[in-house]
Amino acid sequence: MDQPARSEHAPHWGLDPNCVFLNHGSFGATPREIIKEQRRWQDLLEHEPVHFYEDVAMGFMEQSRLALASMLACDSDDLALVENATTGVNTVMRSLRFNEGDEILVPDHAYQACRNTLDFVAERWGATVVTVNIPFPISGPEVVVERIMAAVTSRTVLAMIDTVSSPTGLLMPFEELTTKLEAAGVSVLLDAAHGIGMVPLSLNSLGASYTTSNCHKWLCAPKGSAFLHVRKDKQQNIHPLTISHGMTFPLGDTTRFRHEFDWTGTRDISAHCALPATIEFMANLTEGGWNEIMRLNNELAIKGRNILCEALSIEAPCPDEMIACIATLILPKGGALNGIPLHEPDPLHEILQTKYGIQVPVWSWPSPKGRYIRISAQLYNSEEEYRYLAHALKQELSI
Ligand SMILES: Cc1ncc(COP(=O)(O)O)c(C=O)c1O
C-alpha cells in the first residue's frame, strides 16, 4: 500500500511530505502563514528593540489576550501569557501554600510532567498527593465523576484534572467535575494542555480557580505560546515563576497580577504576538470557523479510531462522547514485538517511522498493562492515513 495523500488543507502546513503525520497531539504543527507572521514580529522587534519592548509590546500582548478572551468567554485581564502548560501548572503549584496533611487529588491519567510538579510541591509542604484510579477501557464519563468525587475528603484542597488526558486520550467531564469540586471547596487546576482549539472552553462560566492551556497544540499557534487563566479571587496569591519588576511597579490603574505577568524579563514574545492572526487564519480555513474545525477533527478522530478497531479486531476503549481530537487504543498482542518494559522506547514506533513513514506515538502503560497507540486528527489529515496505519499495524503485529 502506498503512502496516502493528506487532506486539501495540508498545503497550509510545511509538514514533511514523506511523513504520515498522525501526532498533532504531542507538539502541534503550525501553518506556514503563522510562522511567517511570527517572523514578522521578530523583525519588528529587532528593527528597534527598545521602542518595541518599552513602548509597544504591552499593547500587542493586550491584543493577544483580548483575542484569546473572546474565544474563551473570559476577561482578558484574568489571562497570563506563559510559554506552555507545564509552566502554567508550575506557576500555580509553586505559588500556592499548603498545610501539612492537605490533600491534592489527581487522576492516574495525568500528564507525568505535571504530576511531577504536584509531587515536588506536596513534599515541600508535607501535603499528600492522592491518586485516583480511572479505569481504561471506560464505560462513560460518569465513572470519572464518581471516582474523583468519592476521593474528596475534608482535607482535599486542590484537584488537578485534565480536559483531555494525554496517555489515554479521554475527553474528561471537566465541566461537571469543576462545578462539583469547586462547590465542595476544592480548587480546580484544569490542565487544558489539549484545550483551546480542541474543545470549547467558556472560562467565566466554567468557574475553575486555575486553567492553563497550550496554544501551540490545537490552536496551531507557534511553539511557546500558552495561557494561564486565574479566577479574580485567586489572583492575589499567584505569582509568575520569574519574579521581576512587576512586583513593585507602581500600580496605576491596573492589577498586581497584570504587572507581574506582563513583564517576566526580556523574552521572545513573537509567538504570543502572533495569536490574533493565528486565531483568524485558522478560523478562515473552514466556513464554520473554529466550531467547524473542532467538529471536523472530532469526526475524523472517531473515524480513524473505528478504522483501526475494525482492522485490528479490537473494541473501542471508550464511548464516542469521550473522544475529542485524539484517541488512544490498547494494541492487541501479536508478532515479535511484545513485552516492552515501561519507559523503554517501543521498537514498533521506530518501525512505523522508518518502514512506513508514519509518525504516531506507541508506548507501554501500566494501568492496565499494555502497549498503547494514540492517533490525532487535525485539518491536514485524511481518512486514508488511518487506513494506511491500520495496514502497517496488521503487517507488523501479524494480524
Ligand atoms: C495533559 C497534558 N498536560 C501538559 C502537557 C505539557 O505541555 P507542554 O509541554 O506544552 O508544557 C501535555 C503535553 O502533551 C499534556 O498532554
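Buried, in this tour, means under 20% relative accessible area, exposed means over 50%, and partly exposed lies in between, computed with a 1.4 Å probe on protein chains only. By this rule Thr168, with a relative accessible area of 1%, is buried; the tour returns to Thr168 at its third stop.

The structure is a predicted model, in which local features need pLDDT of at least 70 and side-chain atom pairs count only at pLDDT 80 or more, while totals for chains, interfaces and linings use all residues. Residues are numbered from 1 along each chain as its sequence is written, and side-chain values use heavy atoms, with hydrogens and water left out.

**First stop: the two domains**

Please select residues 10–22 together with 288–396 and give them one colour; this is domain 1. Then select residues 34–282, which form domain 2. These bounds come from an automatic or database domain assignment. Taken over C-alpha atoms, the centres of domain 1 and domain 2 are 27 Å apart.

**Second stop: the interface**

Next, display the residues where the domains meet. Contact means heavy atoms within 4.5 Å, and 26 residues of domain 1 are in contact with 30 residues of domain 2. The size of an interface is often given as the accessible area lost when the parts come together. Between domain 1 and domain 2 about 2400 Å² is buried, 69% of it on carbon and sulfur atoms; buried area is the accessible area (1.4 Å probe) that two parts lose on being put together, summed over both.

Which elements give two or more residues to the side of domain 1 that touches domain 2? They are α12 (289–312), β9 (326–330), β11 (362–366) and β12 (369–376). Helices (H or I, at least four residues) and strands (E, at least two) are DSSP runs, numbered from the N terminus. The residues on this side of domain 1 divide into 19 nonpolar, 5 polar and 2 charged. In this division Ala, Val, Leu, Ile, Met, Phe, Trp, Tyr, Cys and Pro count as nonpolar, Asp, Glu, Lys and Arg as charged, and the others, Gly among them, as polar.

Across the interface, 7 residue pairs are in polar contact, both residues being at pLDDT 80 or more. A polar contact is a pair of N or O atoms within 3.5 Å; within protein, one must be able to donate a hydrogen and the other to accept it, and residues adjacent in sequence count only if both atoms are side-chain atoms. The count of salt bridges between the two domains is 0, a salt bridge being a side-chain nitrogen of Lys or Arg within 4 Å of a carboxyl oxygen of Asp or Glu.

**Third stop: Thr168**

Select Thr168, in the loop between β5 and α7 (174–183). Not counting residues up to four places away in sequence, Thr168 touches His109, Phe136, Thr328 and Trp365. Its side chain makes a polar contact with the side chain of His109 at 2.6 Å, and another with the side chain of Ser165, also at 2.6 Å.

**Fourth stop: Ser376 and Leu158**

Move to Ser376 in strand β12. Is Ser376 buried or exposed? Ser376 is buried, with a relative accessible area of 0%. The side chain of Ser376 reaches the backbone nitrogen of His24 at 3.4 Å. Beyond four places in sequence, the contacts of Ser376 include Leu22, Trp218, Cys325 and Tyr386.

Now select Leu158 in strand β5 (residues 156–162). Leu158 is buried as well, at 1%. Its C-alpha atom is 4.9 Å from that of Ile104, although the two residues are 54 residues apart along the chain. Among the contacts of Leu158 outside its sequence neighbours within four places are Met93, Phe98, Val186 and Tyr210.

**Last stop: salt bridges**

The structure holds 21 salt bridges. Show Arg115 and Asp119, whose closest N and O atoms are 3.1 Å apart. Both lie in helix α5 (residues 112–125), 4 residues apart, about one turn of the helix. Arg115 counts as buried at 17%, whereas Asp119 is partly exposed at 30%.

Finally, select Lys303, Glu383, Glu384 and Arg387, which are linked in a network of salt bridges. Lys303 and Glu383 meet at 3.6 Å, N to O; this pair links distant parts of the chain, with Lys303 in helix α12 and Glu383 in helix α14 (residues 383–396), 80 residues apart. Glu384 and Arg387 meet at 3.3 Å, N to O, and both lie in helix α14, 3 residues apart.
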